[in-house]
Amino acid sequence: MDILCSSCHPQVGTHEIKGICQDSCNVWYDACRNEYYFVNMYGQLTLCTDDALICAPLHTFIANGTEFCTASGFEPNYVTINCFDAHSKYRHRNVGGKTDTKLITDAAATDHDHECDDRIDSNSM
């Protein structure tokens with residue numbers, strides 16, 4: 001999953017792509033639903049650390065992927081048109097001022113797409 005990388009995507013920055021596809025939010029939530037989180041004093045969703053006093057499994061206070069993306073600081077796209085698909089095997093990169101679309105092989109995609117890779121911590125927000 002590359003949800004945390006979405007802000008660096010060239011089409012997100014130019015608003016050609018708007019928000020995170022709901023399916024991507026749902027898959028991310030499903031991978032993280034049993035991880036322990038808390039809401040910090042700034043109202044930000046934070047992955048629990050050893051020094052956190054109160055933590056709970058994500059699914060006990062966040063009901064679905066849309067809520068998870070929103071609480072994590074990402075805007076879900078409710079119509080799934082021109083949205084950031086974190087599961088696409090196509091990745092976009094900027095090479096010499098041009099956007100190049102590259103197909104990532106199944107093996108490379110599998111290596112990168114590990115369960116709860118896109119965790120939110122207090123330093124990322």
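These legends walk through several close-up views of a predicted model.

**View 1. Three strands make an open sheet, in the order β3-β2-β4.**
Let us begin with the way the strands sit side by side. Strands of a sheet pair through backbone hydrogen bonds, either parallel or antiparallel. Here the pairing is antiparallel. Which strands stand at the edges? They are β3 (45–47) and β4 (56–57), and each has a single partner strand, so one side of each is left without a neighbour in the sheet.

**View 2. Strand β2 meets β4 over two bridges.**
Find residues 36–39, which make up strand β2. This strand and β4 pair in the antiparallel sense. Tyr-36 is a good place to look, with Pro-57 as its bridge partner in β4.

**View 3. β2 and β3 form a hairpin.**
How many residues lie between the two strands of this hairpin? There are five, and Gly-43 in the turn has a positive phi of about 80°. Three bridges join β2 to β3, and the two strands run antiparallel. Across from Tyr-37 stands Leu-47, a residue of β3.

**View 4. Leu-47, a residue of strand β3.**
Is Leu-47 buried or exposed? Its relative accessible area is 14%, and buried means under 20%, so Leu-47 counts as buried. You can also compare distance along the chain with distance in space: Leu-47 and Glu-35 are 12 residues apart in sequence, and their C-alpha atoms are 7.7 Å apart.

**View 5. The largest nonpolar core has 17 residues.**
In soluble globular proteins, nonpolar side chains tend to be buried together. Which residues have the most contacts inside this core? They are Ile-3, Ile-20, Trp-28, Tyr-37, Leu-58, Phe-68 and Cys-69. Two or more core residues come from each of α2 (22–32), β3 and α3 (65–71). The largest share belongs to α2, which gives four residues.

**View 6. Helix α2 has a buried side, with exposed residues on the other side.**
Start with the buried residues of α2, which are Ser-24, Cys-25, Trp-28, Tyr-29 and Cys-32. Why do they count as being on the same side of α2? They cover an arc of only 135° around the axis, and that puts them on the same side of the helix. Now look at the other side of α2, where Asp-23 and Asp-30 are exposed.

**View 7. The second largest pocket holds about 200 Å³ of space.**
Which residues line this pocket? From the earlier part of the chain come Ser-6, Ser-7, Val-12, His-15, Ile-17, Lys-18, Gly-19 and Ile-20, and further along come Gly-73, Phe-74, Glu-75 and Phe-84. By type, the lining divides into five nonpolar, five polar and two charged residues.

**View 8. Asn-82 sits in the loop between β5 (76–77) and β6 (90–95).**
What stands out about the backbone here? Phi of Asn-82 is near 55°, a positive value in a residue other than glycine. Asn-82 has a relative accessible area of 52%. The cut-off for exposed is over 50%, so Asn-82 counts as exposed.

Definitions and conventions. Residues are numbered from 1 along each chain as its sequence is written. This is a predicted model: local features need pLDDT of at least 70, side-chain atom pairs count only at pLDDT 80 or more; totals for chains, interfaces and linings use all residues. Side-chain values use heavy atoms; hydrogens and water are left out. On a 1 Å grid over the protein atoms alone, a cavity is a set of points where a 1.4 Å probe fits but cannot get out, and a pocket is an open set with protein on both sides within 12 Å along at least five of seven lines; lining residues have an atom within 4 Å of a point. Grid points are joined across faces, edges and corners, and a volume is the space filled by probe spheres set on the points. Ala, Val, Leu, Ile, Met, Phe, Trp, Tyr, Cys and Pro count as nonpolar, Asp, Glu, Lys and Arg as charged, and the others, Gly among them, as polar. Two strands pair if DSSP finds at least two bridges between them. Buried means under 20% relative accessible area, exposed over 50%, partly exposed in between (1.4 Å probe, protein chains only). A nonpolar core is a set of buried Ala, Val, Leu, Ile, Met, Phe, Trp, Tyr and Cys residues joined through side-chain atoms within 4.5 Å. The arc is that of the directions from the helix axis to the C-beta atoms.
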